[in-house]
Amino acid sequence: MTVKQLRAFLAVAQSLSFVQACERLHLSQSALSLTIKALEEGLGGRLFSRTTRAVSLTPEGEVLLPLARRLLADWDNAEDELRQRFTLRQGRVALASMPSFAGNLLPPVLRSFRQRYPSISVTVHDVINEQVMEMVRDRQVELGIAFEPEPGMPLDFTPLYSDRFVAVVPADSALAGCAELAWRQLLDYPFIALQRPSTVRFMLEDHLRQRGWVLPVQFESHQLATVGRMVASGLGVSAVPALCQAQMLELGACCVALTEPLIERPVGILTKPGHELSVAAQAIADTLCAATGYPDTGGAIVSGK
């Protein structure tokens with residue numbers, strides 16, 4: 001059975017008139033008759049009893065009538081839902097983001113997205129960089145926001161911006177008055193670090209190891225907010241992505257530019273190769289690109305491209 005055949009059957013069954021059904025469906029009587037005939041031949045028997053005076057349903061037609069109503073209602077509902085998704089009037093998106101982005105730049109991006117697409121629901125998984133990659137790879141989310149993965153990772157990466165590390169120092173310390181700090185100066189103080197397997201921790205250790213330096217770690221935490229509070233309390237110093245500066249200031253710490261060496265890494269959108277984003281997820285990706293000044297994707301943040 002085709003949808004066209006079911007609609008033709010329902011129109012005749014409800015009106016018990018081929019003439020009225022033709023007017024309703026905007027079909028000629030011959031076209032309607034051929035459609036009903038094809039349906040009856042496909043099912044193996046007559047659905048209507050026709051005389052010169054009246055049209056009535058056969059017992060088999062009576063059985064088909066409620067089924068046809070339900071099938072067409074389900075079809076129309078599915079068609080309507082997909083149309084609303086394609087026009088961004090309905091839908092849901094799940095994304096994963098590393099905490100430094102989720103707690104700073106993402107909220108204003110989502111506000112802009114909600115203003116344009118108020119009916120789209122968004123679920124944000126605020127997890128460490130490694131988990132972002134895992135969730136995208138395992139298709140638990142459509143897209144992720146994280147540092148650029150190492151070469152060979154089975155993920156597509158669309159850069160948004162390059163984030164540079166800054167020093168986090170107590171607001172009442174002598175370091176807070178400096179215009180910039182060299183890493184060698186910062187490492188003279190007790191260091192408060194994110195716990196492994198944090199990508200931020202590995203990144204800092206790797207860059208410093210190349211110079212023969214080590215982080216003098218005295219305190220560790222899984223949360224950036226805890227790191228900021230510890231620094232503000234005078235327990236030591238730290239280094240975080242520049243994106244977190246506003247968060248550190250709110251926690252009572254002070255941020256200073258770091259040099260010698262400059263440590264930075266691209267941040268962007270992760271997608272799984274070979275899997276096209278839904279219309280809603282693509283809209284979020286485009287909003288992210290617009291918010292960070294990345295060239296308009298034109299709907300091209302699609303895995304594999």
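I take partly exposed to mean a relative accessible area between the buried limit, under 20%, and the exposed limit, over 50%. The model I am reading is predicted.

**Entry 1: R7 and D76**

I looked up R7 and recorded a relative accessible area of 30%, so I class R7 as partly exposed. I then looked for the partner of R7 and found a salt bridge to D76, with 2.6 Å between the closest N and O atoms. R7 belongs to helix α1 (residues 3–15) and D76 to helix α4 (residues 59–86), so this pair ties together parts 69 residues apart in sequence. For D76 I noted 30% relative accessibility, and D76 is therefore partly exposed.

**Entry 2: E150 and R265**

I turned next to E150, whose side chain meets that of R265 in a salt bridge at 3.4 Å, N to O. I located E150 in the loop between β5 (143–147) and β6 (156–170), and R265 in strand β12 (residues 264–271); the pair therefore ties together parts 115 residues apart in sequence. Is E150 buried or exposed? I read a relative accessible area of 51% for E150, so E150 is exposed. R265 has 16% relative accessibility, and the buried class is under 20%, so I count R265 as buried.

**Entry 3: E264 and R164**

I also checked E264, which meets R164 through a side-chain salt bridge of 3.3 Å, N to O. This pair links distant parts of the chain, with E264 in strand β12 and R164 in strand β6, 100 residues apart. I noted 37% relative accessibility for E264, which is therefore partly exposed. For R164 I recorded a relative accessible area of 37%, so R164 is partly exposed.

**Entry 4: The salt-bridge count and a network**

How many salt bridges does the model hold when a Lys or Arg side-chain nitrogen must lie within 4 Å of an Asp or Glu carboxyl oxygen? I obtained a count of eight under that rule. I further noted a network of salt bridges that links R196, R201, E205 and E220. As background to these entries, I keep in mind that side chains of opposite charge can pair when their charged atoms come close.

**Entry 5: S33**

Lastly, I looked up S33 and placed this residue in helix α3 (residues 29–43). S33 has a relative accessible area of 27%, so I enter S33 as partly exposed. I also took the C-alpha separation of S33 and F18, which is 8.1 Å. Along the chain, S33 and F18 are 15 residues apart.

Definitions and conventions:
Residues numbered from 1 in each chain as written. Predicted model: local features only at pLDDT ≥ 70, side-chain atom pairs only at ≥ 80, totals over all residues. Heavy atoms only, no water. Helix = DSSP H or I, 4+ residues; strand = E, 2+ residues; numbered from the N terminus. Buried < 20%, exposed > 50% of the residue type's maximum accessible area, 1.4 Å probe, protein only.
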